Amino acid sequence: MGLISAIVTLPLAPVRGVIWLGQVIQDEVERQLNDPATIRRELEAIDEAAAAGQLSEEEHRQAQQAVLDRMMRQGGTG
């Protein structure tokens, strides 16, 4: 029965491959977004932009909070 089901489901192999590839890409993106070095660089870039006057105090606070919220959300589910 295994051979028959393999033959019958063979046309779905490309779909399964695309789904697997999508999962691998999603995992890598999440890994990179949650990398402590990436988070630190983002926070440093926000601080530099605020120091250069490119962000108001409110924008600075909101940008930092967005990075920290993302970090907390991923930390709670991962």
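## Starting at H1

Let's start with Val8, which is found in helix H1, the stretch covering residues 2–9. Keep in mind that what you're looking at is a predicted model. Val8 has a relative accessibility of 59%, so it counts as exposed, the cut-off being over 50%. Now pick out Arg41 as well: Val8 and Arg41 sit 33 residues apart in sequence, and their C-alpha atoms are 50 Å apart in space.

## Helix H3 and its two sides

Helix H3 takes in residues 36–51, 16 residues in total. From first C-alpha to last, H3 reaches 22 Å, close to the 22 Å expected at 1.5 Å a residue. Which residues of H3 are buried? They are Thr38, Ile39, Ile46 and Ala49. Look down the axis of H3 and these buried residues fall within an arc of 100°, so they line one face of the helix.

Turn H3 around and you get the face pointing away from that buried side, which carries the exposed residues Pro36, Glu48 and Ala51. After H3 comes Gly53, with a positive phi near 85°.

## Where H4 touches H3

Helix H4 runs over residues 57–77, and His60 lies in it. Is His60 buried or exposed? His60 is buried, because its relative accessibility is 14% and the limit is under 20%. Skip the neighbours within four places in sequence, and His60 is in contact with Ile46, Asp47, Ala50 and Leu55. One of these, Ile46, is also on the list of buried residues in H3.

Gln64 is another residue found in H4. At 24% relative accessibility, Gln64 counts as partly exposed. What does Gln64 touch, not counting residues up to four places away in sequence? Its contacts are Leu43, Ile46 and Asp47. For a backbone distance, try Gln64 and Glu44: they are 20 residues apart along the chain, with 9.6 Å separating their C-alpha atoms.

## Salt bridges

Side chains of opposite charge can pair when their charged atoms come close. How many salt bridges does the count come to? The count here comes to three salt bridges. One of them joins Glu42 and Arg70, where the closest N and O atoms are 3.2 Å apart. This pair links distant parts of the chain, with Glu42 in helix H3, Arg70 in helix H4 and their positions 28 residues apart. Glu42 has a relative accessible area of 23% and is partly exposed, whereas Arg70, at 17%, is buried.

Another salt bridge brings together the side chains of Glu28 and Arg31, at 2.6 Å, N to O. Both residues belong to helix H2 (residues 13–33), and because they are three residues apart there, about one helical turn separates them. Glu28 is partly exposed, its relative accessible area being 32%.

Back in H4, the side chains of Arg61 and Glu58 also meet in a salt bridge, again listed at 2.6 Å, N to O. Arg61 and Glu58 are three residues apart in H4, or about one turn of the helix. Arg61 is partly exposed at 42% relative accessibility, and Glu58 counts as partly exposed too, at 39%.

Notes. Residues numbered from 1 in each chain as written. Predicted model: local features only at pLDDT ≥ 70, side-chain atom pairs only at ≥ 80, totals over all residues. Heavy atoms only, no water. Helix = DSSP H or I, 4+ residues; strand = E, 2+ residues; numbered from the N terminus. Buried < 20%, exposed > 50% of the residue type's maximum accessible area, 1.4 Å probe, protein only. Contact = heavy atoms within 4.5 Å. Expected span 1.5 Å × (residues − 1). Arc of directions from axis to C-beta. Salt bridge = Lys/Arg side-chain N within 4 Å of Asp/Glu carboxyl O.
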